[in-house]
Amino acid sequence: MKKNTFCSLMAAMLCLGALLLVNACASQPPQEEKCGFILKRGTNLSHWLSQSPVRGEERANHIQEDDFARLESLGFDHVRIPIDEVQFWDEEGNQIPEAWNLLTMALDLARKHNLRAIVDLHIIRAHNFNAENSGETNSLFTSEEAQEGLIDLWKQLSEVLKPYSTDWVAYEFMNEPVADEAEQWNQLIAKVHAALRELEPERTLVIGSNRWQGVETFKDLRVPEGDKNIILSFHYYNPMAITHRGAGWTPVGKYNGPITYPGQLISDEDFNALPEELKPVMKHATQNWGKEMIHAQMKDAIDVAAKYGLQLFCGEWGVYEPVDRELAYAWTKDMLEVFDEFNVAWTTWCYDADFGFWDQKSESFKDKKLVDLLMSGKGL
């Protein structure tokens with residue numbers, strides 16, 4: 001894809017400015033070659049081509065050019081686009097053209113509006129990050145056939161997406177892996193990485209940690225050696241007592257008592273009064289939470305990224321919409337300060353769903369103050 005004047009100028013500035021290189025490519029040392037796919041602040045276009053039963057005209061109209069123009073004007077520099085196997089392939093493995101057309105439309109519009117894009121294979125038939133709660137069984141880490149199936153999906157995606165510039169489109173080949181053992185995920189990383197590198201040696205690949213891309217498993221992540229076109233990814237929703245307060249799909253959401261932030265989220269007295277079944281999931285709320293705790297939990301991820309000289313990226317973080325806004329803003333502010341201090345790029349969850357800031361139906365902001373807060377931090 002031919003770069004426009006803006007992209008060429010950006011590339012020239014990156015080559016000439018070592019300081020800009022450090023900021024743009026996170027922890028990558030200035031003596032390394034520049035990172036072509038750079039990002040800092042974005043949002044997930046969730047519940048569109050993933051985690052949604054909507055099809056036909058309603059799906060086609062859900063995300064349009066005005067959405068990309070809006071995100072550009074607000075100051076976002078990238079989008080993450082989750083996609084699901086069931087939307088792109090039928091039960092016989094045949095491609096479903098409508099979904100593919102929507103994806104390429106989205107990538108074209110993202111480029112038009114100066115937004116880099118991460119294509120995230122979010123859920124496949126052999127692996128759902130939420131299988132434990134949905135009653136499904138994941139076969140991906142125990143079936144060679146399922147693993148070859150994942151590689152085949154990416155071969156097909158690569159065939160269609162390969163023409164897109166490596167400066168503007170990246171691939172995240174698995175969202176929130178849930179392997180019983182770290183080595184199961186590490187071995188699958190090596191397989192998929194090798195297959196994609198045969199097809200696209202320069203494409204940026206986003207690789208996350210095991211167990212829902214948790215920061216606590218980063219120390220067990222085995223990163224392919226010698227490949228600088230990798231971004232390391234984690235997801236972060238801690239403390240869940242804040243971010244998922246009132247969320248009916250998680251046990252934490254059942255707690256509706258007093259809560260504060262920063263500091264100890266709930267008092268010892270309130271904790272002791274909880275039903276016994278809630279105490280295990282609410283134990284974390286008796287700790288002192290704030291910027292220091294957030295940094296401490298992210299430290300392993302920050303250290304691993306620095307070790308490999310790779311960009312670090314928080315691909316999902318956010319607060320459930322019904323959560324008290326002042327609590328949400330206080331947590332968001334602390335998150336942004338840690339991200340900026342340690343050059344962590346980020347993508348909020350999400351744009352317009354139940355963690356989002358935009359309402360597609362009314363075509364208005366659900367929370368403009370949250371957007372202003374998000375844009376108050378560092379950009380590219």
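Before we start, one definition: two strands count as paired if DSSP finds at least two bridges between them. Keep in mind that the model here is predicted.

**Exercise 1. Work out how the barrel closes, and find which residue of β10 is the bridge partner of Gly 42.**

Step 1: Get the strand order. The barrel has 8 strands, going β1-β2-β3-β4-β5-β6-β9-β10, with parallel pairing. From one strand to the next, the twist averages 30°.

Step 2: Check the seam. Strand β1 (residues 41-44) pairs with strand β10 (residues 344-348) in the parallel sense, over 3 bridges.

Step 3: Pick out the partner. Gly 42 is bridged to Thr 347 in β10.

**Exercise 2. Describe the surroundings of strand β6: is it mostly covered or not, and which strands are joined to it?**

Step 1: Look at burial. β6 spans residues 230-235, and 6 of its 6 residues are buried.

Step 2: Sort the side chains. In a regular strand, side chains alternate between the two faces of the sheet. Here Ile 230, Leu 232 and Phe 234 point one way, while Ile 231, Ser 233 and His 235 point the other way. Both sets are buried.

Step 3: Find the neighbours. On one hand, β5 (residues 205-208) runs parallel to β6 and is joined to it by 4 bridges. On the other, 5 bridges link β6 to β9 (residues 311-316), again in parallel.

Step 4: Follow one residue through. Ser 233 in β6 is the bridge partner of Gly 208, and Ser 233 also has Phe 313 in β9 as a bridge partner.

**Exercise 3. Classify the packing of α8 against α9 and against α6 from the angles between them.**

Step 1: Take α8 (residues 144-161) with α9 (residues 182-199). Their axes are 10 Å apart and the angle is about 30°. Angles under 35 degrees count as roughly parallel, so α8 and α9 are roughly parallel to each other. The crossing is right-handed.

Step 2: See what meets there. Among the α8 residues are Leu 150, Ile 151 and Trp 154, and among those of α9 are Leu 188, Val 192 and Leu 196. By class, this contact has 8 nonpolar, 2 polar and 3 charged residues.

Step 3: Now α6 (residues 97-112) with α8. The angle is about 50° and the axes are 11 Å apart, so this pair is oblique. α6 also passes α8 in a right-handed crossing.

Step 4: List that contact. Trp 100, Leu 103, Thr 104 and Leu 107 come from α6, with Gln 156, Leu 157, Val 160 and Leu 161 from α8. The split is 6 nonpolar, 2 polar and no charged residues.

Step 5: Add the last helix-on-strand piece. α9 lies across β4, β5 and β6, running at about 175° to β5.

**Exercise 4. Decide whether Leu 274 and Asp 340 are buried or exposed, and say what they contact.**

Step 1: Place Leu 274. This residue is in the loop between α12 (268-272) and α13 (279-282). Its relative accessibility is 9%, so Leu 274 counts as buried.

Step 2: Check its contacts. Beyond neighbours within four places in sequence, Leu 274 touches Tyr 255, Ile 266, Lys 279 and Met 282. Tyr 255 is 19 residues away along the chain, with 8.4 Å between the two C-alpha atoms.

Step 3: Repeat for Asp 340, which belongs to helix α15 (residues 325-341). With a relative accessible area of 11%, Asp 340 is buried. Setting aside neighbours within four places in sequence, its contacts are Lys 40, Gly 377 and Lys 378.

Methods:
Residues are numbered from 1 along each chain as its sequence is written. This is a predicted model: local features need pLDDT of at least 70, side-chain atom pairs count only at pLDDT 80 or more; totals for chains, interfaces and linings use all residues. Side-chain values use heavy atoms; hydrogens and water are left out. Buried means under 20% relative accessible area, exposed over 50%, partly exposed in between (1.4 Å probe, protein chains only). Helices (H or I, at least four residues) and strands (E, at least two) are DSSP runs, numbered from the N terminus. Axes are lines fitted to C-alpha atoms, for helices over the stretch in contact, and angles run from 0 to 180 degrees between N-to-C directions. Angles under 35 degrees count as roughly parallel, over 145 as roughly antiparallel, 65 to 115 as roughly perpendicular and the rest as oblique. A crossing is left-handed if the near helix is turned anticlockwise from the far one by less than a right angle, and right-handed if clockwise. Contact means heavy atoms within 4.5 Å. Ala, Val, Leu, Ile, Met, Phe, Trp, Tyr, Cys and Pro count as nonpolar, Asp, Glu, Lys and Arg as charged, and the others, Gly among them, as polar.
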